[in-house]
Amino acid sequence: MNLTIGQIAEACGGRLVLQRRANCGNEGKADGVAAGCEQSREAYRVSSVVLDSRQVTEDGVFVATVGERVDGHKFIGDVFEKGVCLVVTEKTPDQVETEHGVRADRWGNYLLVEDTFQALKDIAEAYRKTLSIPIVGITGSVGKTSTKEFIAGVLSEKYNVLKTEGNFNNEVGVPLTLLRIRKTHEAAVVEMGISDFGEMHRLSKMVRPNVCVITNIGQCHLENLGTRDGILKAKTEIFDFMADDGAICLNRDDDKLATVNEVKGRKPYFFGVEEGKEKSVYATDIVSKGLWGSDAVLHFNGALEEKGQEQLLVNVPLPGRHMVSNAAAAACVGSVLGLTGEEIAQGVSKVAAISGRNHLMRLPYYTLIDDCYNANPVSMKAAIDLLQLADTEMTAILGDMFELGTDSDAMHAEVGAYAARAGIHRIYCVGENAKHMYEAACEVAAPYQTVLYFATRQQLEQMLQEKRDEMIPHGSTILLKASHGMHFSEMIELRIFE
């Protein structure tokens with residue numbers, strides 16, 4: 001990493017104490033800075049910055065945070081034994097000894113700050129300023145992760161790319177993602193998720209994206225953001241710290257994003273599905289291959305530098321029309337960052353689904369669509385549309401959607417009715433809020449459809465373990481969809497469908 005102890009101290013403020021491992025000849029003295037170690041603190045480069053004591057490396061930095069279940073300060077003695085060069089702490093050695101029994105004489109260099117979570121963000125921001133690679137920042141109500149995978153896959157055809165892993169898209173995950181970037185990386189793709197005003201502003205301050213991508217403005221986090229206009233306002237905070245020569249890629253098919261005409265004197269690049277003169281990249285001639293993806297033609301309105309590359313046939317390996325839109329977003333970013341049409345097509349074709357997000361699983365008796373990482377009304381309907389592509393019996397197991405605000409009951413009802421009108425053969429609604437989903441589905445369901453309600457996931461699990469083959473005929477395609485807090489993934493871990 002291109003960071004020194006001195007740069008970290010400058011970024012975070014607080015009190016830096018150098019008392020060993022600083023290569024300055026003052027080991028054991030209480031305040032190495034005052035004892036003439038200024039040169040060493042600037043020369044001493046760190047190898048990594050982590051929150052997890054199990055991930056520390058020699059000459060790394062450990063940021064001790066107080067979590068809901070674990071206080072990282074209890075591991076300070078262990079990480080010094082493993083050779084870290086600095087601990088960032090909000091507790092003094094005496095406090096940690098009192099609370100956790102870690103003797104003060106086991107400590108090495110440390111930086112005492114008021115808030116270690118804030119310090120993590122400050123370090124990430126300082127580190128980002130040392131990097132010259134292009135960073136793509138992605139946000140939106142739905143499809144962030146899938147779009148991230150498409151963009152990273154496309155850019156990997158030309159660059160060595162680092163991308164957000166797992167759910168590291170918040171004010172803890174984003175700085176940790178930035179701090180994983182190394183000199184071997186040539187580009188980075190960073191997912192940025194929020195639930196309230198001001199969060200994106202803080203994320204943008206760290207990421208300082210060269211390319212800003214917004215997938216759509218849906219109906220998530222309405223409890224905090226109020227309306228879709230509120231969501232638009234919060235999401236577009238991503239532009240606050242965009243690079244001066246940055247580019248903006250927006251979904252023109254979204255009515256709210258279509259109103260963004262100019263940002264800091266720069267016109268957006270628009271992408272979408274179906275022709276539009278305003279779009280730099282759009283997809284037509286979409287041929288569905290069912291659950292196994294689509295073929296489409298991507299059109300570039302002068303977005304590619306190569307002549308004769310205005311049209312491009314691509315295979316989108318993930319199912320659903322929305323995935324074609326995600327591929328168009330990736331093509332838009334790829335064209336901005338100088339990829340050829342062939343590189344874009346190759347990158348799109350190699351994308352694979354990840355667990356919890358439209359992940360298609362072939363099981364002995366069923367085909368399972370694992371889309372249980374998160375949910376809101378837009379993504380619920382998209383998942384139901386995806387299930388409709390199956391040429392088998394269809395079962396939708398739908399759970400609560402959280403953070404929908406005052407219209408939550410109506411939105412759950414809307415999803416239930418949508419599933420019934422879509423002709424899904426079996427609709428199993430799970431959770432307290434999903435009762436409204438169940439009631440609405442019952443009102444419009446046809447005689448051939450089965451609609452059942454389960455107050456808890458555990459009730460459904462017990463019923464499936466006892467009567468699975470009666471509830472879901474062999475050969476069926478099953479959709480699992482709910483907000484992350486419903487923990488639907490545990491049904492997969494329990495192998496209930498195998």
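**View 1. C442 is partly exposed, with a relative accessible area of 36%.** Welcome to the first close-up of this predicted model. Look for the sulfur of C442 and then for the closest cysteine sulfur, which belongs to C429. The two atoms are 7.5 Å apart, and that is too far for a bond. A disulfide would need its two sulfur atoms within 2.5 Å.

**View 2. How many disulfides does a search of the whole structure find?** The search comes back with zero. C332 is a good place to see this, for it takes part in no disulfide, and its nearest cysteine sulfur, in C249, is 3.6 Å away. Since the cut-off for a disulfide is 2.5 Å, the sulfurs of C332 and C249, at 3.6 Å, do not count as one. Is C332 buried or exposed? With a relative accessibility of 0%, C332 counts as buried.

**View 3. Five strands make an open sheet in the order β1-β5-β4-β3-β2.** The pairing in this sheet is mixed. Which strands stand at the edges? They are β1 (15–17) and β2 (49–50), and each has a single partner strand, so one side of each has no neighbour in the sheet. Now follow helix α5, residues 116–128, which packs on the sheet and touches β2, β3 (61–63) and β4. The direction of α5 makes about 130° with that of β4.

**View 4. Strands β4 and β5 run as a parallel pair.** Here you can pick out β4 at residues 86–89 and β5 at residues 110–112. Three bridges join the two strands. One residue to find is V87, whose bridge partner in β5 is Y110. Keep Y110 in mind, because at 8% relative accessibility it counts as buried, and its ring returns in the next view.

**View 5. F80, W107 and Y110 come together in one aromatic cluster.** The count of aromatic pairs comes to four. One of them joins F80 and W107, with 6.3 Å from centre to centre and 45° between the planes, which makes the pair tilted. Where do these two residues lie? F80 is in helix α3 (residues 76–81) and W107 is in the loop between α4 (93–100) and β5, so their pair ties together parts that are 27 residues apart in sequence. Both F80 and W107 are buried. W107 also pairs with Y110: the ring centres are 5.1 Å apart and the planes stand at 85°, so this pair is edge-to-face. As for accessibility, W107 has a relative value of 2% and therefore counts as buried.

**View 6. Strand β9, residues 211–214, is covered on both faces.** A helpful rule comes first: in a regular strand, side chains alternate between the two faces of the sheet. In β9, V211 and V213 are on one side, C212 and I214 are on the other, and all four are buried. Which strands pair with β9 in the parallel sense? Strand β6 (residues 135–139) does so over four bridges, and strand β10 (residues 247–251) also does so over four bridges. V211 is a handy landmark here, as V136 stands opposite it and V211 in turn stands opposite A247 in β10.

**View 7. T177 sits in helix α7, residues 173–178.** Is T177 buried or exposed? T177 is buried, with a relative accessible area of 1%. Leaving aside neighbours within four places in sequence, you can trace its contacts to L162, T164, F168 and V190.

**View 8. R252 lies over the face of F270.** To find the spot, start at the ring of F270 and look for R252, at 5.6 Å from the ring centre.

**View 9. E274 and H487 each have a positive phi.** Most residues other than glycine have a negative phi. Phi of E274 is near 80°, and that of H487 is about 55°, although H487 is not a glycine. Where should you look for them? E274 is in the loop between β11 (269–273) and β12 (281–288), while H487 is in the loop between β20 (477–481) and α17 (489–493). E274 counts as partly exposed at 35% relative accessibility, and H487 counts as partly exposed at 37%.

Terms used. Residues are numbered from 1 along each chain as its sequence is written. This is a predicted model: local features need pLDDT of at least 70, side-chain atom pairs count only at pLDDT 80 or more; totals for chains, interfaces and linings use all residues. Side-chain values use heavy atoms; hydrogens and water are left out. Two strands pair if DSSP finds at least two bridges between them. Contact means heavy atoms within 4.5 Å. Axes are lines fitted to C-alpha atoms, for helices over the stretch in contact, and angles run from 0 to 180 degrees between N-to-C directions. Rings of Phe, Tyr and Trp (its six-membered ring) pair if their centres lie within 6.5 Å; planes under 30 degrees apart count as stacked, over 60 as edge-to-face and the rest as tilted. Buried means under 20% relative accessible area, exposed over 50%, partly exposed in between (1.4 Å probe, protein chains only). A charge sits over a ring if NZ of Lys or CZ of Arg is within 6 Å of the ring centre and within 35 degrees of the ring normal.
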